[in-house]
Amino acid sequence: MSSFEITSGNWNITIKGVTVKIGDNINLLGNVIFNTDKNGSESIIYMYCDGCNNFISIDFNQITKTITRIYFVELT
């Protein structure tokens with residue numbers, strides 16, 4: 001597995017033409033599909049295709065809706 005993680009507002013990432021950084025509100029991303037994990041926390045997942053082994057995940061504060069962590073994972 002390989003991955004990278006963004007946890008500082010000094011970095012940004014552009015996803016589907018929208019640039020976001022840590023601390024931005026998830027509303028900037030428009031309509032998104034939420035992924036709910038086993039403890040009930042939600043995140044936003046971007047995958048190139050169904051079943052692909054790589055994805056970008058965005059974690060956010062469930063109350064303020066601000067982005068807290070952005071990471072990319074490629075499962076090998």
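Me: Buried means under 20% relative accessible area, exposed means over 50%, and partly exposed is what lies in between. Now, this is a predicted model. Why is F4 called partly exposed in it?

Reply: F4 has 41% relative accessibility. The in-between class runs from 20% to 50%, so F4 counts as partly exposed.

Me: And what makes F72 partly exposed?

Reply: Its relative accessible area is 22%. That isn't under 20% and isn't over 50%, so F72 is partly exposed too.

Me: How many aromatic pairs are there?

Reply: The count is two.

Me: Why are F4 and F72 called stacked?

Reply: Ring centres have to lie within 6.5 Å to pair, and planes under 30 degrees apart count as stacked. Here the centres are 5.7 Å apart and the planes sit at 20°, so the pair is stacked. F4 is in strand β1 and F72 in strand β7, 68 residues apart, and the pair links those distant parts of the chain.

Me: Then why is the pair of F34 and F60 tilted?

Reply: Tilted is what's left between under 30 and over 60 degrees. These planes are at 55°, with centres 5.7 Å apart, so tilted it is. F34 lies in strand β4 and F60 in strand β6, so the pair ties together parts 26 residues apart in sequence.

Me: Is F60 buried or exposed, and how do you know?

Reply: Buried: its relative accessibility is 5%, and the cut-off is under 20%. F34, at 37%, is partly exposed.

Me: Which residue lies over the face of Y71?

Reply: R69 does, at 3.9 Å from the ring centre; the limit is within 6 Å.

Technical notes
Residues numbered from 1 in each chain as written. Predicted model: local features only at pLDDT ≥ 70, side-chain atom pairs only at ≥ 80, totals over all residues. Heavy atoms only, no water. Phe/Tyr/Trp six-rings, centres within 6.5 Å; stacked < 30°, edge-to-face > 60°. Helix = DSSP H or I, 4+ residues; strand = E, 2+ residues; numbered from the N terminus. Buried < 20%, exposed > 50% of the residue type's maximum accessible area, 1.4 Å probe, protein only. Lys NZ or Arg CZ within 6 Å of the ring centre and 35° of its normal.
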